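Here are my notes on the model you sent, set out as numbered points. They deal with charged pairs, a surface patch, and the empty space in and around the fold.

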Amino acid sequence: RSVTFHLERPDPELPAKLALTMSYPVPAATPFEDQGLDALPATGPYMVDEVTMDGLELVRNPEFEEWSGAAQPDGFVDAISWRFNEDPGQAYERLTTEELDLMIDAPSGDDLAALRSASPDQVVQSSSPTFELFVGFDVQKAPFDDVRVRQAVNYAIDRDRVVELLGGPATQRPTCQILPPTFPGYLPYCPYTQEPKAGVWSAPDMDRARELVHAAGVAGTPVRVAVNADGLPSGAVDTMTYVTEILNELGLRAELDIVRSIDAYFSSINPPQAGGTPAGAPRHPHVYLTGWVSDYLGAGNMIEPQFHCGDLGFANTGGYCDGALDTRIEDALVLYTTEPGAASRAWTSIDHDLVDEAVQAPLTNPVTTYVVSERTGNVQLNPQWGLLLSLLWVR
């Protein structure tokens, strides 16, 4: 009745990996292929009663016994009926009459604003702890091999406008950092704004941005900006159209290339380790839109793949390479096993230094907006999973 893991090398972040979906225990006879709508055996206070393409029904698991109120508490509601692909307007009407108790896709902006004003407790937002959307730079070729030019773009971008282009504050929050909120090592930091001491973005600073471009002497430099029309968030093309305008306002000669094929797009920006094009190559765009999704709540998984040199930097799209940074990353990983607090401080320092180096222009962290009925209470959020359905009270 035990599971033994044989590691080829020490893995300080193994506990974080074991806590997430990649490590669900399943019966040994479970096939490797996709099981479709057939539920797998699992543990917990609820079990799948029925599942279709339109939704699923969860009922109480008669075999469940609460073994830890902190790790796996018993649920409160007797059943959970989950519906997919419902019209948000109709769903909101049902929520107001208490035919529905929870919406995860937010209602229209007007409805959401009215509900926030009248019943703020019915609207709850949860930051995605593992995702960051950013403008990437090819740091291997001019003009973005100059840190001043990269910093200028960070100063110039109106992140509030980007939030609106990507769906509004119900789905996005502005950021200046690589580590997302609620992530180990996250400490608010944003030097690229009108009020940097506050640690959060407030407004762009075009004057400072122009000063940096002028000091770098790169006015008139051709810049290719790339975006994929299909594989990135809704609003991606509008966002990079805006970024192209910003680059031209700063004195660069930027042109936007909308790449229709998602495979061609990521082949042009991904590093060779991921089957792509090396930074610095003619095919690699100077500026592009992409993001990073961490597999688990470990700062190493957010930073090492994106910024380490060599094979460990398998998601290093911009070509940034610093041997001293590699050593700091490796030291922080080792610290995790013996001094977690020191490890978090080390990741904070690494995150802030990468922001100072302007290795990319972070834009937003996604948020999930939950709307609950008036009769629903005990709304609790987990930093990884968001709203905990089983802990809701329905009066």
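**Notes on salt bridges, surface and voids**

1. The structure holds 12 salt bridges, and it should be kept in mind throughout that this is a predicted model. Three of these pairs are taken up below, followed by the surface and the voids.

2. In one of the salt bridges the side chains of Asp74 and Arg60 meet, with an N to O distance of 3.0 Å. The two residues belong to distant parts of the chain, 14 residues apart, since Arg60 is in strand 2 whereas Asp74 is in the loop between strand 2 and strand 3. Asp74 counts as partly exposed because its relative accessibility is 33%, and Arg60, with a relative accessible area of 30%, is likewise partly exposed. Salt bridges with shared partners also bring in Asp78, so that Arg60, Asp74 and Asp78 are joined into one network.

3. A second pair is formed by Asp101 and Arg375, whose closest N and O atoms are 2.7 Å apart. Asp101 is in the loop between helix 2 and strand 4, and Arg375 is in the loop between strand 11 and strand 12 (376-377), so this salt bridge ties together parts that are 274 residues apart in sequence. Asp101 counts as buried because its relative accessibility is 18%, which falls under the 20% cut-off, whereas Arg375, at 26%, counts as partly exposed.

4. A third salt bridge joins the side chains of Glu357 and Arg150, at 3.7 Å from N to O. Because Glu357 lies in the loop between helix 11 and strand 11 while Arg150 lies in helix 4 (residues 147-156), the pair ties together parts that are 207 residues apart in sequence. Is Arg150 buried or exposed? With a relative accessible area of 4%, Arg150 is buried, whereas Glu357 counts as partly exposed at 31% relative accessibility.

5. On the surface, Val3, Phe5, Leu7 and Leu18 form a nonpolar patch that has about 400 Å² of accessible area together. Leu7 lies in the segment before helix 1, and it counts as partly exposed because its relative accessibility is 46%.

6. The largest pocket contains about 2200 Å³ of space. Its lining is made up of 49 residues, among which Tyr24, Ala42, Thr43, Gly44 and Gln72 are the closest to its centre. Two or more lining residues come from each of helix 1 (14-18), strand 1 (46-52), strand 2 (55-60) and strand 3 (79-83), and strand 1 gives the most, with 4 residues. By class, the lining has 35 nonpolar, 12 polar and 2 charged residues.

7. The second largest pocket holds about 660 Å³ of space, and of the 23 residues that line this pocket, Ser81, Trp82, Arg83, Leu100 and Leu102 are the closest to its centre. Strand 3, helix 2 (88-96) and strand 4 (102-103) are the elements that give two or more residues to its lining, with the largest share, 5 residues, coming from strand 3. How many charged residues are in the lining of the second largest pocket? There are 7, beside 14 nonpolar and 2 polar residues.

8. Turning to enclosed space, the count comes to 2 cavities of 30 Å³ or more. The largest cavity has a volume of about 90 Å³ and is lined by 15 residues, with Phe307, Thr317, Gly318, Val359 and Gln360 nearest its centre. Strand 6 (131-137) and helix 9 (299-307) each supply at least two residues of this lining, and strand 6 provides the largest share, with 3 residues. The lining divides into 8 nonpolar, 7 polar and no charged residues.

9. The second largest cavity contains about 30 Å³ of space, and the residues that line this cavity include Asn154, Cys176, Ile178, Tyr192 and Leu354, together with Val359 and Gln360. Helix 11 (340-356) and strand 11 (360-372) each supply at least two residues of its lining. By class, there are 8 nonpolar residues, 2 polar ones and no charged ones.

Terms used: Residues numbered from 1 in each chain as written. Predicted model: local features only at pLDDT ≥ 70, side-chain atom pairs only at ≥ 80, totals over all residues. Heavy atoms only, no water. 1 Å grid on protein atoms, 1.4 Å probe; cavity = no way out; pocket = protein on both sides within 12 Å on 5 of 7 lines; lining within 4 Å. Points joined across faces, edges and corners; volume = space filled by probe spheres on them. Nonpolar A, V, L, I, M, F, W, Y, C, P; charged D, E, K, R; others polar. Patch = residues over 30% accessible without salt bridge, like charges linked within 9 Å, V, L, I, M, F, W, Y side chains within 5 Å. Areas by Shrake-Rupley, 256 points an atom, 1.4 Å probe, with all protein chains shown as cover. Salt bridge = Lys/Arg side-chain N within 4 Å of Asp/Glu carboxyl O. Buried < 20%, exposed > 50% of the residue type's maximum accessible area, 1.4 Å probe, protein only.
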